[in-house]
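Trainee: I should like to understand how the terms used for a protein model are justified. May I ask about them one at a time?

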Amino acid sequence: MSVPGGGLAADEDRPAQVSPRAAEVSQLFREHNRALVLFLASRLKDIQAAREVAQEAYVRVLQLEAPGAVSFLRSYLFKTAANLAIDRLRRQQSRARLESADDFENFLDEATPERTVIAREELAFLGMLIAELPLKYQEAFRRHRVDDESFDYIARRMGLKERMVRRYVTHALLYLRLRREGVTAPEAWRHIHS
């Protein structure tokens, strides 16, 4: 069919002209998409999230104003994808922190007289078990777990080697765990020193 001016009418079945940028990104996709998704999956530990981030990175590359060589676009694509992955991980960590803070607040809000009594009984029982420990074990345990002092600092204060302080704290923790599980005091010590 002729059109005024002597040309042919556009064929409706023929695909629209692809922009040079879209062609470069299409080539980039064909050559590097698998590697990009695997790269992102190793960072995000989730293949679906990796595909989503890769797609977002391609969109960013398409939005580049300055055209460039495919090799430049490849490094830009991977760098953009890595940054997007980091942003996604940070958002997930922030959400997780907020959710755990909410859970803690909910727990505090739900403090019932029963929970208070149980907590007091548990603390009293734990205090009784700690009192069963030899004095050096008690002191090392209290300084490290309650006062949050370093092993090195405790060792200097108690006149011991750091290795010995670590041993006291480790044995104290094991003893407390065994006793809470119902093991008798003599059996717990035998287990620790065997």
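Trainee: Why is Arg 166 called partly exposed?

Mentor: Buried means under 20% relative accessible area, exposed means over 50%, and partly exposed is what falls in between, computed with a 1.4 Å probe on protein chains only. Arg 166 has a relative accessibility of 39%, so the middle class applies to this residue. Please note that this is a predicted model, in which local features need pLDDT of at least 70 and side-chain atom pairs count only at pLDDT 80 or more, while totals for chains, interfaces and linings use all residues. Residues are numbered from 1 along each chain as its sequence is written, and side-chain values use heavy atoms, with hydrogens and water left out.

Trainee: What makes the pair Glu 162 and Arg 166 a salt bridge?

Mentor: The term requires a side-chain nitrogen of Lys or Arg within 4 Å of a carboxyl oxygen of Asp or Glu. The closest N and O atoms of Glu 162 and Arg 166 are 3.0 Å apart, so the pair meets the condition. Glu 162, with a relative accessible area of 31%, is also partly exposed.

Trainee: Why are Glu 162 and Arg 166 said to be separated by about one helical turn?

Mentor: The two residues are 4 residues apart in helix α7. A helix here is a DSSP run of H or I with at least four residues, a strand is a run of E with at least two, and both are numbered from the N terminus. The protein chain has 8 helices and 0 strands.

Trainee: How do you know that Glu 132 and Arg 179 form a salt bridge?

Mentor: Their side chains meet at 2.9 Å, N to O, so they satisfy the definition already given. The pair links distant parts of the chain, with Glu 132 in the loop between α4 (113-131) and α5 (135-146) and Arg 179 in helix α7 (residues 162-180), 47 residues apart. In general, side chains of opposite charge can pair when their charged atoms come close.

Trainee: Which of the three classes fits Glu 132, and which fits Arg 179?

Mentor: Glu 132 is partly exposed at 30%, whereas Arg 179 is buried at 16%.

Trainee: Why is Glu 181 placed in its class?

Mentor: Its relative accessible area is 54%, so Glu 181 is exposed. Glu 181 meets Arg 177 in a salt bridge of 3.7 Å, N to O, and Arg 177, at 44%, counts as partly exposed. A search of the whole structure finds 10 salt bridges.

Trainee: Why does Arg 143 count as buried?

Mentor: Its relative accessibility is 12%, which is under the limit of the buried class and therefore decides the matter. Arg 143 lies in helix α5 and is linked with Glu 139 and Glu 149 in a network of salt bridges. With contact meaning heavy atoms within 4.5 Å, and leaving aside neighbours within four places in sequence, Arg 143 is in contact with Asp 148, Glu 149, Tyr 153, Ile 154 and Arg 157.

Trainee: Why are α6 and α7 called roughly perpendicular?

Mentor: Angles run from 0 to 180 degrees between N-to-C directions, and axes are lines fitted to C-alpha atoms, for helices over the stretch in contact. Under 35 degrees counts as roughly parallel, over 145 as roughly antiparallel, 65 to 115 as roughly perpendicular, and the rest as oblique. Helix α6 (residues 151-158) and α7 pack at about 105 degrees, with their axes 8 Å apart, so they are roughly perpendicular to each other. Phe 151, Asp 152, Ile 154 and Ala 155 of α6 make the contact with Glu 162, Val 165, Arg 166 and Val 169 of α7.

Trainee: How do you know that Leu 36 is buried?

Mentor: Its relative accessible area is 0%. Leu 36, in helix α1, touches Ala 54, Tyr 58, Leu 77, Phe 78 and Ala 81, not counting residues up to four places away in sequence. Leu 36 and Phe 78 are 42 residues apart in sequence, yet their C-alpha atoms are 6.8 Å apart in space.

Trainee: What is meant by a nonpolar core, and which residues have the most contacts inside the largest one?

Mentor: A nonpolar core is a set of buried Ala, Val, Leu, Ile, Met, Phe, Trp, Tyr and Cys residues joined through side-chain atoms within 4.5 Å. The largest has 20 residues, and those with the most contacts inside it are Leu 36, Leu 40, Leu 44, Ala 54, Tyr 58, Val 61 and Leu 77. Helices α1 (20-44), α2 (47-62) and α3 (70-109) each supply at least two residues of this core. Apart from it lies another core, of 19 residues, among them Ala 140, Tyr 168, Leu 176 and Leu 178.
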